[in-house]
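Here is a friendly briefing for anyone about to work with these coordinates. Please have a look at the structure first, and then read on.

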Amino acid sequence: MFDYTKSILETVSFDTTLFCKELEKAIKTLLPYEIDQLREWLFSYIIEKPELKQCLLIVKI
């Protein structure tokens, strides 16, 4: 499920609002260890796309 979520987020990364919505959905469906993986992936992905930094607030829950 983590890989699927990652591919969805990469696909919608052109739109910050959509990215944040998909990230919220992911947090609700992923298992705790997958959320940790997602958090790590997201921090490295945001380096390339700084406009998505606002979505980090969703993951820090």
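The notes below go through confidence, the disulfide, the core, the salt bridges and a few single residues.

This is a predicted model, with a mean pLDDT of 89 for the protein. One disulfide turns up in a search of the whole structure, and the count of salt bridges comes to two. The largest nonpolar core holds 19 residues, with helix 1, helix 2, helix 3 and helix 4 each supplying at least two of them.

**Confidence**

- A pLDDT of 70 or more is reached by 98% of the residues.
- Helix 2 has the highest mean pLDDT among the elements, at 92, while helix 4 has the lowest, at 82.

**The disulfide**

- The partners are Cys-20 and Cys-55, whose sulfur atoms sit 2.0 Å apart.
- Which parts of the chain does the pair tie together? Cys-20 belongs to helix 2 (residues 16–29) and Cys-55 to the loop between helix 3 (32–48) and helix 4 (56–59), so the link joins parts that are 35 residues apart in sequence.
- The link of Cys-20 and Cys-55 is left-handed, with -85 degrees about the S-S bond.
- Both cysteines, Cys-20 and Cys-55, are buried.

**The nonpolar core**

- Leu-9, Phe-19, Leu-23, Leu-38, Trp-41 and Leu-42 touch the most other members of the largest nonpolar core.
- Helix 1 (2–11), helix 2, helix 3 and helix 4 each give this core at least two residues.
- Which helix supplies the largest share of this core? That is helix 3, with six residues.
- Leu-42 is in contact with Phe-19, Leu-23, Leu-56 and Val-59, leaving aside neighbours within four places in sequence.

**Salt bridges**

- Glu-22 pairs with Lys-25 in a salt bridge, where the closest N and O atoms are 3.3 Å apart.
- Glu-22 and Lys-25 are three residues apart in helix 2, so about one helical turn separates them.
- Is Glu-22 buried or exposed? Glu-22 is buried because its relative accessible area is 19%, and buried means under 20%.
- Its partner Lys-25 is partly exposed, with a relative accessible area of 49%.
- In the other salt bridge, Asp-36 pairs with Arg-39, and the closest N and O atoms are 3.1 Å apart.
- Asp-36 and Arg-39 are three residues apart in helix 3, which means that about one helical turn lies between them.
- Asp-36 counts as partly exposed at 40% relative accessibility, and Arg-39 counts as partly exposed at 23%.

**Ser-13 in its loop**

- Ser-13 lies in the loop between helix 1 and helix 2.
- With a relative accessibility of 6%, Ser-13 counts as buried.
- What lies 3.0 Å from a polar atom of the Ser-13 side chain? The backbone oxygen of Glu-10 does.
- Leaving aside neighbours within four places in sequence, Ser-13 is in contact with Phe-19, Tyr-45, Lys-49 and Leu-52.

**Chain ends and one helix 2 residue**

- Met-1 is in the segment before helix 1, and this residue is exposed, with a relative accessible area of 56%.
- Not counting residues up to four places away in sequence, Met-1 touches Thr-29, Leu-30 and Glu-34.
- Met-1 and Phe-43 are 42 residues apart in sequence, with 19 Å between their C-alpha atoms.
- Lys-60 is found in the segment after helix 4, where Lys-60 is exposed with a relative accessible area of 58%.
- The C-alpha atoms of Lys-60 and Pro-50 are separated by 17 Å, although the two residues are ten residues apart along the chain.
- Leu-18 has its place in helix 2 and is partly exposed, with a relative accessible area of 30%.
- From C-alpha to C-alpha, Leu-18 and Ser-44 are 19 Å apart in space, and they are 26 residues apart in sequence.

Notes:
Residues numbered from 1 in each chain as written. Predicted model: local features only at pLDDT ≥ 70, side-chain atom pairs only at ≥ 80, totals over all residues. Heavy atoms only, no water. Disulfide = S-S within 2.5 Å. Helix = DSSP H or I, 4+ residues; strand = E, 2+ residues; numbered from the N terminus. Buried < 20%, exposed > 50% of the residue type's maximum accessible area, 1.4 Å probe, protein only. pLDDT = per-residue confidence, 0-100. Core = buried A, V, L, I, M, F, W, Y, C linked by side-chain atoms within 4.5 Å. Contact = heavy atoms within 4.5 Å. Polar contact = N/O pair within 3.5 Å; in protein donor to acceptor, adjacent residues only side chain to side chain. Salt bridge = Lys/Arg side-chain N within 4 Å of Asp/Glu carboxyl O.
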